[in-house]
Amino acid sequence: MSGIVQNNILRSSGTVAVSAAGLNWVDTIITGSTATVEAGNGYWVNTTSNTCTITLPSSAEKGDQIVIIDYARTWGTNKIIIDSNGLNYQGEDDTNIVEYTTDGQSVNIVYSDATKGWIPLEDDVTALEPVAPATQRAIFAFGQTSSAVNNNMSNLVASDGTVGTDVSGVGSASRKRGAATYGGDKAIFAYGNIYGGAGNISLSNLVNNSGVVAADVTGVGTARESPSAATYGTDKAIFAFGYGSSLTGVSNLVSNSGVIATDTSAVGTASSERAATGYGTDLAIFGFGEDASDVTSKTNLVSNSGVIGSDVTGVGTARRQLVAARYGSSGQAMFVFGRTVNTKNLISNVGVVSSDATGVGTARRLASASGYGGDKAIVMYGDNDSSGYVNTKNLISNSGVVAADASGAGTARSSTTAAGYSYSA
């Protein structure tokens, strides 16, 4: 391992060491489950795949310094363990366990003496400052109309919330699909149902950052209808739940290049016709829907590594066939509408769902929703039961206010799906 040494100093023993301002930064990123470090060096430790035990030198002198940095911001998922190798650490012997378990942490330790041993000069957590630009546009696609049970038309939404006219379809005509943004400025539609044809499917269709829907991609994972999907980790997506041969709770992660992974075993109660959205900076939530017992209001939180949490007791009116979307600039979101209701439930930037709030707009089901304009959302299409399929739209402001019904654009339909795309307004 190599690096650059600056500002050398003379130890009390007569040997040369590196001052605090002149560490030797080791070129090789540590990725293994164990590593031995040396005084005078700085190390980047990547725990994406595993925890890592860091063994300190077995002997040290006053002023020896070591810096260890979370390279991939993954210590919260896979921690590092410090083995002080016979020397004390903050005055405790090496039978004590020393762990660092926070994403973005850096540890700067200096050796004092035999009594206190290694003492952290700093163990700071750095903020993740780079933030992806906000998604500006949205796309509604697929669904069913009064004249066609399956369709593949799409409608693009501009950054000011204007909905475009029908665009001729690409991909297999289908309904009850899931959709989410991935890669920051692109979208993916996947799974669903081709009524009267193939039945439940696992096909996917990518959408580029110009809103162009690509041809079918052979499916991965359990074919099912009515899954829900959301963005997590800022640039990846997750599809989960739905109805295959029965209700399911399986999930499928989507990489930031749009590749769908194989099934992940179910966490939470198998259910369908739920809603999902991102919230916070890089988290997601699934909520409401119908399980084997009845409609439900339970939720499941998703971590920034795509892990679905166990069921959380529901808040608000249990319902299915609702929608969810982000709004605002601080990570808020909402669940809204659903079968026979126009109720909304706000979601805080830490994933807490609020009680029912009085709705605005005609109650309807099987609509779809997406963010647009960087900090707003739009609900479009659906079935209001009394007059059937509609192309009604409701804009949601950046403070979470749902606007009254407005005349939409495009063919009235239900069971469509939507996602955001494009950094460009």
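Me: How many of the 8 residues of strand E18 are buried?
Reply: In this predicted model, strand E18 covers residues 236-243. The strand is largely enclosed by the rest of the structure, because the buried residues among its 8 number 6.

Me: Over how many bridges do strand E17 and E18 pair, and in which sense?
Reply: Strand E17 consists of residues 228-232. One position in this pairing is Thr 231, which stands opposite Ala 237 in E18. E17 and E18 pair in the antiparallel sense, over 5 bridges.

Me: Which residue in the turn between E17 and E18 has a positive phi?
Reply: E17 and E18 form a hairpin with 3 residues between them. In that turn, a positive phi of about 60° belongs to Gly 233.

Me: Which residue in E19 does Gly 242 stand opposite?
Reply: E18 also pairs with strand E19, residues 247-254, in the antiparallel sense over 6 bridges. A hairpin joins E18 to E19 through 3 residues. Within this arrangement, the residue opposite Gly 242 is Thr 248.

Me: How many helices and how many strands does the chain have?
Reply: The chain has 425 residues, of which 48% count as buried. Its C-alpha trace spans about 90 × 40 × 40 Å along the principal axes. The secondary structure comes to 0 helices and 30 strands.

Me: What percentage of contacts between residues at least 6 apart in sequence join residues at least 24 apart?
Reply: The count concerns contacts in the chain between residues at least 6 apart in sequence. Among these, the share that joins residues at least 24 apart is 51%.

Me: Which residues have the most contacts inside the largest nonpolar core?
Reply: The largest nonpolar core has 22 residues. Strands E5, E6, E7, E8, E9 and E10 each supply at least two residues of this core, and the largest share, 3 residues, comes from E10. The residues with the most contacts inside the core are Ile 82 and Tyr 89.

Me: Which residues is Ile 82 in contact with, leaving aside its neighbours within four places in sequence?
Reply: Ile 82 is one of the two residues named for the most contacts inside the largest nonpolar core. With neighbours within four places in sequence left aside, its contacts are Ile 54, Leu 56, Ile 68, Tyr 89, Val 98 and Tyr 100.

Me: How many residues does the other core have?
Reply: This other core lies apart from the largest one. Val 323, Phe 337, Ala 367 and Val 402 are among its members. Its number of residues is 12.

Me: Is Met 380 buried or exposed?
Reply: Met 380 is found in strand E28, residues 376-383. Among its contacts beyond four places in sequence are Phe 140, Val 163, Ala 367 and Gly 408. Its relative accessibility is 0%, and buried means under 20%, so Met 380 counts as buried.

Me: What distance separates the C-alpha atoms of Met 380 and Asn 394?
Reply: Met 380 and Asn 394 are 14 residues apart along the chain. Their C-alpha atoms are separated by 6.5 Å.

Me: Which side chain of opposite charge is nearest to Arg 319?
Reply: Arg 319 is found in the loop between E23 and strand E24. A polar atom of its side chain lies 3.4 Å from the backbone oxygen of Thr 343. Arg 319 is buried yet has no salt bridge, since a salt bridge needs the charged atoms within 4 Å. At 4.5 Å away, the nearest side chain of opposite charge is Asp 356.

Me: Is Ser 297 buried or exposed?
Reply: Ser 297 has its place in strand E23, residues 295-302. Beyond four places in sequence, Ser 297 touches residues including Phe 288, Gly 314 and Ala 318. Because its relative accessibility is 12%, Ser 297 counts as buried.

Me: What is the phi of Gln 90 near?
Reply: Most residues other than glycine have a negative phi. Gln 90 lies in the loop between E8 and E9, and at 48% relative accessibility Gln 90 counts as partly exposed. Gln 90 is a residue other than glycine with a positive phi, near 55°.

Me: Is Glu 273 buried or exposed?
Reply: Glu 273 lies in the loop between strand E20 and strand E21. Although Glu 273 is not a glycine, its phi is positive, at about 55°. Its relative accessibility is 13%, so Glu 273 counts as buried.

Technical notes:
Residues are numbered from 1 along each chain as its sequence is written. This is a predicted model: local features need pLDDT of at least 70, side-chain atom pairs count only at pLDDT 80 or more; totals for chains, interfaces and linings use all residues. Side-chain values use heavy atoms; hydrogens and water are left out. Helices (H or I, at least four residues) and strands (E, at least two) are DSSP runs, numbered from the N terminus. Buried means under 20% relative accessible area, exposed over 50%, partly exposed in between (1.4 Å probe, protein chains only). Contact means heavy atoms within 4.5 Å. Lys and Arg count as positive and Asp and Glu as negative; His and the chain ends are not counted. A polar contact is a pair of N or O atoms within 3.5 Å; within protein, one must be able to donate a hydrogen and the other to accept it, and residues adjacent in sequence count only if both atoms are side-chain atoms. A nonpolar core is a set of buried Ala, Val, Leu, Ile, Met, Phe, Trp, Tyr and Cys residues joined through side-chain atoms within 4.5 Å. Two strands pair if DSSP finds at least two bridges between them.
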